Amino acid sequence: MRQITYHIHRFNEGRAYVQSYTFDYEADRTILWGLQKIKDTLDPTLTFVAACRSAVCGACSVKVNGQAMLGCEAKIDEITERFGSDEITVAPIGNFDVIRDLVVDWEAKVSRLKEVAPWIFVKPEFTTKTGTRQSAADFKKFVMNTECILCGCCASECNKLSANREDFLDPYVYTKANRFVMDSRDVSPMAHTTPAFNHGLWKCVHCMNCITRCPKHLKPEKDISDLRRVATQAGLSNKGTRHAIAFKQDLLKTGRLNEVTMSLKTDGLLDSAKQGLYALRLWKHGKINPFELVVPHKPVNGIEGVRTIGRAVEEAGK
């Protein structure tokens, strides 16, 4: 009879190890079903979290063969077919502290979520009598973001968090922040945007793993981009906003990027001077030309078309 083997990454009392379990195959079963079968029939000490079994609560997220997914949604048949093996590796999601076996600590993550005030600051015109009504069109602007179930799959696969968790919030935190920024009933979008800005908003590395692994098909990276736009329009300033503004200015002025002035506008004179040796290497290889400081680029052919697009983008963002 066909059998399935789980290689489970376990953690208990400071000891990390991998333990293997084999059980009889059954068609159309999930990864979570296999974990429950192991706990019921082979090893009651195996610890994991599950609740709804309907891809609603987000509790059962794990890494399966190195990819974060919901255990109740991932089918054993699909996994074995995709990877060409009846042996499956199951581990806790990444970028979380592990408590025991497949159970991770959410307490610190909830504290990080609170940073962006994930609640509505109700406009003063709303009352208990009139309610907080909004149009269907306004509702549609943020309704997708309400689908986030805090499963942690995006955070698990985030390369920025893997490099440093201290200076960047989890992707779903930015999604939650943007949900309230887009809500027409909220009177204070900057109450959500400013803390996101102060906690690594411009440090996303654009790996897109948050989008790839989200079981609800949300786009945290887009939420980060949206929040950046709001922060920039509000006048918040750091190297990220200054770089974006300099990029836009060059694009609309000539259609070409002026790398020399770009550095000065982004980093300032002092920080740019600290990169002098790096700049010399770029000059040597023809990547930059310091004479562009005094001899600016000529506009590219069709620059008016570029400027028309730029104006259209600005109008769409208002």
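**Group meeting: a first look at the surface, the fold and the cavities**

Okay, let's start on the outside: the protein exposes about 17,600 Å², and 56% of that comes from carbon and sulfur atoms. Keep in mind that this is a predicted model.

As for burial, 38% of the 318 residues count as buried.

Now the fold. We've got 14 helices and 7 strands. The radius of gyration is 25 Å, while the globule rule gives 20 Å for 318 residues, so the protein is more spread out than a compact globule. If you box up the C-alpha atoms along the principal axes, you get roughly 75 × 65 × 40 Å. And what about contacts along the chain? Take those between residues at least 6 apart in sequence: 65% of them join residues at least 24 apart.

Right, let's go inside. How many cavities of 30 Å³ or more does the structure hold? There are 2.

The largest has about 100 Å³ of space. Its lining has 15 residues, and the ones nearest the centre are Cys148, Cys151, Cys154, Cys214 and Leu218. Two helices, H5 (153–156) and H7 (171–181), each give at least two residues to that lining. By class, the lining splits into 11 nonpolar, 2 polar and 2 charged residues.

Then there's the second largest cavity, with about 80 Å³ of space. Which residues line it? You'll find Cys158, Lys160, Phe168 and Pro171, then Cys204, Val205, His206, Cys207, Met208 and Cys210, plus Ile224. The class count there is 9 nonpolar, 1 polar and 1 charged.

That's the tour, thanks!

Key: Residues numbered from 1 in each chain as written. Predicted model: local features only at pLDDT ≥ 70, side-chain atom pairs only at ≥ 80, totals over all residues. Heavy atoms only, no water. 1 Å grid on protein atoms, 1.4 Å probe; cavity = no way out; pocket = protein on both sides within 12 Å on 5 of 7 lines; lining within 4 Å. Points joined across faces, edges and corners; volume = space filled by probe spheres on them. Helix = DSSP H or I, 4+ residues; strand = E, 2+ residues; numbered from the N terminus. Nonpolar A, V, L, I, M, F, W, Y, C, P; charged D, E, K, R; others polar. Rg over C-alpha atoms; globule rule 2.2 N^0.38 Å. Buried < 20%, exposed > 50% of the residue type's maximum accessible area, 1.4 Å probe, protein only. Contact = heavy atoms within 4.5 Å. Areas by Shrake-Rupley, 256 points an atom, 1.4 Å probe, with all protein chains shown as cover.
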